[in-house]
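Notebook open, viewer loaded. I want to work through the strands and the core, and write down what I find as I go.

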Amino acid sequence: MSEKPIQKGDLVMVIRALPCCGQMYRAGFTYIVQSVFRSTRHRCICGAFSDVTVASCDDGLPWPRGFPISILKRLDPGNLSEDVPTDEKVSA
Ligand SMILES: [Zn+2]
């Protein structure tokens with residue numbers, strides 16, 4: 001459906017195993033993408049270096065400030081905003 005590429009500001013979840021070693025590292029972890037960049041030497045937790053596009057996070061993870069976008073799923077912010085009051089509700 002709406003298959004925009006993952007970009008800065010997106011809420012994403014880790015849903016797949018790491019491409020190089022198959023480890024399900026941090027599966028289910030969600031974060032807001034801080035930046036998207038290509039890395040020719042992205043270091044995995046297994047020690048391997050990959051040529052991948054990385055969506056970085058900034059939450060103090062020991063490793064590695066981001067994940068390859070190939071293992072991420074973008075979450076629809078529309079599904080998460082139900083509890084957020086809108087101006088319309090407040091003024092009604
Ligand atoms: Zn690995």
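How many bridges join β1 to strand β6, and in which sense do the two run? I looked it up: β1 and β6 (residues 72-74) run antiparallel and are joined by 3 bridges. Note to self: this is a predicted model.

**Entry: pairs along β1**

I went through the bridge partners next. On the β6 side, M13 stands opposite K73, and V14 has L72 across from it. On the other side I checked strand β2 (residues 30-32), which pairs with β1 over 3 bridges, again in the antiparallel sense. There Y31 of β2 is the bridge partner of V12.

That gives me an open sheet of 3 strands in the order β2-β1-β6, with antiparallel pairing. β2 and β6 are at the edges with a single partner strand each, so one side of each has no neighbour in the sheet. I also pulled the angle: neighbouring strands here are turned by 30° against each other on average, ignoring direction.

**Entry: faces of β1**

Which side chains of β1 point to the buried face? I stepped through residues 11-14 and found that V12 and V14 point to one face and are buried. L11 and M13 point to the other face and are not buried. This fits the textbook pattern, since side chains in a regular strand alternate between the two faces of the sheet.

**Entry: V12**

I picked V12 in β1 for a closer look. Why does V12 count as buried? I get 21 other C-beta atoms within 10 Å of V12, and the cut-off for buried is 20 or more.

Then I listed the contacts of V12, leaving out residues up to four places away in sequence: I6, T30, Y31, V33, A55, L72, K73, R74 and L75. I also noted one distance, V12 to F29: they are 17 residues apart in sequence and 8.3 Å apart in space, C-alpha to C-alpha.

**Entry: the other sheet**

I moved on to β3, β4 and β5, which form an open sheet of 3 strands in the order β3-β4-β5, with antiparallel pairing. The edge strands are β3 (35-43) and β5 (66-68), each pairing on one side only. Neighbouring strands of this sheet are turned by 40° against each other on average, direction ignored.

Zooming in on β4 and β5, I see antiparallel pairing over 3 bridges. A55 has F67 in β5 as its bridge partner.

**Entry: the core**

Which residues make up the largest nonpolar core? I count 12 residues in it: V12, V14, L18, Y31, V33, V52, V54, A55, C57, F67, I71 and L72. The elements giving two or more residues to this core are β1 and β4 (49-56). Of the elements, β4 gives the most, with 3 residues. The general expectation is that nonpolar side chains tend to be buried together in soluble globular proteins.

I cross-checked against my V12 list: the contacts of V12 include Y31, V33, A55 and L72, and these names are in the core list as well.

**Entry: whole chain**

Last, the overall picture. The protein chain has 1 helix and 6 strands, and from the N terminus on the elements run β-β-β-β-β-β-α. Buried residues make up 15% of its 92 residues. For contacts between residues at least 6 apart in sequence, I noted that 45% join residues at least 24 apart.

Technical notes
Residues are numbered from 1 along each chain as its sequence is written. This is a predicted model: local features need pLDDT of at least 70, side-chain atom pairs count only at pLDDT 80 or more; totals for chains, interfaces and linings use all residues. Helices (H or I, at least four residues) and strands (E, at least two) are DSSP runs, numbered from the N terminus. Two strands pair if DSSP finds at least two bridges between them. A nonpolar core is a set of buried Ala, Val, Leu, Ile, Met, Phe, Trp, Tyr and Cys residues joined through C-beta atoms within 7 Å. Two residues are in contact if their C-beta atoms, placed from the backbone, lie within 7 Å. Axes are lines fitted to C-alpha atoms, for helices over the stretch in contact, and angles run from 0 to 180 degrees between N-to-C directions.
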